[in-house]
Amino acid sequence: MTEKSKSDFNSLEMENSKYIPTVEAIEKASSVLEEILEPTPFQKNQNLSSLYEANIFLKREDLQMVRSYKIRGAYNKIRSIDPDSMQNGIVCASAGNHAQGVAFSCSKLKIMGSIFMPVTTPKQKIEQVRMFGREYIEIILTGDTFDAANSAAIKFANENDKTFIPPFDDPKVMEGQGTIGREIISQTKEKLDYIFVPIGGGGLASGLGSYIRQMSPDTKIIGVEPAGAPCMKAAIEAGKVVKLEQIDKFVDGAAVQEAGSLTYQVCKEVLDDIVVVPEGAVCTTIIQMYNKSAIVVEPAGALAAAALRFYADKIKGKNVACIVSGSNNDITRMEEIREKSLLHEGLKHYFLVNFPQKSGAVLSFIRDVIGPKDDLVYIQYIKKTNKESGPALIGIEVSEKEEFDELIKRMEANNIKFEYINENNILFEILI
């Protein structure tokens with residue numbers, strides 16, 4: 001992507017009819033949101049600052065009343081609807097956070113809402129939506145992805161003369177999300193060199209990016225997407241909105257198959273770069289933020305901070321902001337998050353080991369192969385007396401990534417017959 005300047009941005013706004021969230025529109029949205037919201041904290045994080053030798057600030061949207069920034073766009077959009085239409089009821093689709101914003105707005109404004117959510121939505125998010133909306137909402141679980149639920153919601157709204165509240169591809173939603181940029185500018189005393197912002201469909205990146213580009217044109221705006229669903233990067237590379245054939249739904253708050261048409265037009269102008277972050281790196285960041293800073297984030301909420309490692313050399317000595325977009329994380333997912341982190345960081349390894357069918361074979365393996373800092377964390381072995389050898393599934397956790405090579409050397413030195421399955425995607429998915 002090319003570096004953007006304020007003059008380039010303003011020229012774009014004047015020379016064509018594409019929608020651009022203006023400073024004035026975002027200021028107006030901020031006034032609307034004053035009815036329900038206080039600005040969220042903008043805090044320097046000492047752990048991240050020390051790690052990257054930079055001044056890292058976190059915009060704590062995880063501390064919103066619905067634990068996500070999505071309330072901003074949802075409420076701003078709903079408040080823009082004329083009262084008569086509003087009384088007919090509203091409809092939305094969401095993997096969780098937008099739904100919570102809409103549910104809260106329905107309860108606050110006493111209007112009825114129908115909320116479509118993928119059947120894969122974490123139970124914790126579904127329960128939160130029900131709690132915020134109370135008797136003013138109904139939840140419809142449909143489809144395996146956000147996009148499937150979104151299609152069903154639009155059809156339902158059209159057939160029942162209800163107003164659809166888009167999660168990202170709408171001017172009022174984008175303007176509402178843009179109020180985060182307004183708050184950041186008012187809360188920081190230093191010029192920001194970089195802002196890292198997560199991307200799902202692009203509502204946050206386009207709204208915030210537009211405000212920052214106009215008010216702080218030298219600040220570089222870096223979008224961040226999960227490797228399993230990089231829909232905005234795909235759109236910008238293709239020069240048009242494209243639908244990804246498959247996505248990984250692990251980072252559920254940003255697992256979108258197709259970027260918005262409006263958000264794409266804005267993002268391609270305001271973003272300086274897009275970083276695609278592996279899900280394992282997101283998991284490592286979730287654990288680090290919890291252990292070191294007592295901050296609980298969902299996978300999408302960790303995206304921006306997870307991208308810092310890919311910009312480590314560029315941000316050294318700089319002032320950097322990261323949007324912590326949400327904290328709606330189900331505690332039951334933590335074991336999966338830890339597993340993905342260990343695998344990504346090269347600390348956990350699985351093998352199929354062929355053991356001779358004799359007494360003491362497994363004990364010999366543990367004695368001769370497992371290093372003093374290694375941990376045998378998984379073993380599945382059934383002795384088959386009618387055969388000379390039999391396989392065992394072994395999981396070993398090493399203390400440092402570099403210890404893996406030593407582990408392999410010890411296995412080879414002891415003539416252990418094995419197959420490393422971390423990199424065998426089909427076998428790994430079947431066995432682990």
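# A tour of the predicted model

Select Leu-271, which sits in the loop between α12 (261–270) and β9 (273–277). Helices here are DSSP runs of H or I with at least four residues, strands are runs of E with at least two, and both are numbered from the N terminus. Leu-271 is buried, at a relative accessible area of 0%. Buried means under 20% relative accessible area, exposed means over 50%, and partly exposed covers what is in between, using a 1.4 Å probe and protein chains only. For a distance check, add Glu-53: the two residues are 218 apart in sequence, and their C-alpha atoms are 24 Å apart.

Before going on, note that this is a predicted model, in which local features need pLDDT of at least 70 and side-chain atom pairs count only at pLDDT 80 or more, while totals for chains, interfaces and linings use all residues. Residues are numbered from 1 along each chain as its sequence is written, and side-chain values use heavy atoms, with hydrogens and water left out.

**Whole chain**

Zoom out to the full protein chain, which has 19 helices and 14 strands. Its radius of gyration is 24 Å, close to the 22 Å that the globule rule gives for 432 residues, so the chain is as compact as a globular protein of that length. The radius is taken over C-alpha atoms, and the rule is 2.2 Å times the number of residues to the power 0.38. The C-alpha trace spans about 80 × 50 × 40 Å along its principal axes. Of the 432 residues, 55% count as buried. Among contacts between residues at least 6 apart in sequence, 76% join residues at least 24 apart; a contact means heavy atoms within 4.5 Å.

Colour by charge next. The chain carries 50 positive and 59 negative side chains, and the centres of the two sets lie 2 Å apart. Lys and Arg count as positive and Asp and Glu as negative, with His and the chain ends not counted. Each charge is placed at NZ of Lys, CZ of Arg, CG of Asp or CD of Glu.

**Helix α14 and Tyr-194**

Select residues 299–306, helix α14, where eight of the eight residues are buried. Among them are Pro-299, Gly-301 and Leu-303. Which elements pack against the buried residues of α14? They are α3 (46–52), β7, β8 (220–226), β9, α13 and β10 (319–324).

From that list, move to strand β7 (residues 194–198), which contains Tyr-194. Tyr-194 is buried, with a relative accessible area of 9%. Beyond residues up to four places away in sequence, Tyr-194 touches Thr-219, Lys-220, Ile-222, Tyr-311, Lys-314, Ile-315, Lys-318, Asn-319, Val-320 and Ala-321. One of these, Lys-314, is 120 residues from Tyr-194 in sequence and 9.6 Å from it in space, C-alpha to C-alpha.

**Helix α16**

Select residues 334–344 for α16, and show Ile-337, Glu-339, Ser-341 and Leu-342, which are buried. The cover over the buried residues of α16 includes α13 (279–293), β11 (348–356) and β13 (389–397). Just after α16, Gly-346 takes a positive phi of about 75°.

**Two positive phi angles outside glycine**

Most residues other than glycine have a negative phi. Arg-67 is not a glycine, yet its phi is positive, about 60°. Find Arg-67 in the loop between β2 (55–60) and α4 (70–79); at 29% relative accessibility, it counts as partly exposed. Lys-110, also not a glycine, has a positive phi of about 60°. Lys-110 is in the loop between α6 (97–109) and β4 (113–117), and is exposed at 54% relative accessible area.

**Cysteines**

Show the cysteine sulfurs. How many disulfides does the structure hold? The count is zero, a disulfide being a pair of cysteine sulfur atoms within 2.5 Å. Cys-92 is buried, at 0% relative accessible area, and its sulfur is 7.6 Å from the closest cysteine sulfur, in Cys-106, too far for a bond. Cys-231 is buried, also at 0%; its closest cysteine sulfur, in Cys-267, is 9.3 Å away, too far for a bond.

**Last stop: Tyr-381**

Select Tyr-381 in strand β12 (residues 375–381). Tyr-381 is partly exposed, with a relative accessible area of 25%. Its contacts, not counting residues up to four places away in sequence, are Phe-355, Pro-356, Gln-357, Val-362, Gly-390, Pro-391 and Ala-392. Add Asp-248 to finish: Tyr-381 and Asp-248 are 133 residues apart in sequence and 32 Å apart in space, C-alpha to C-alpha.
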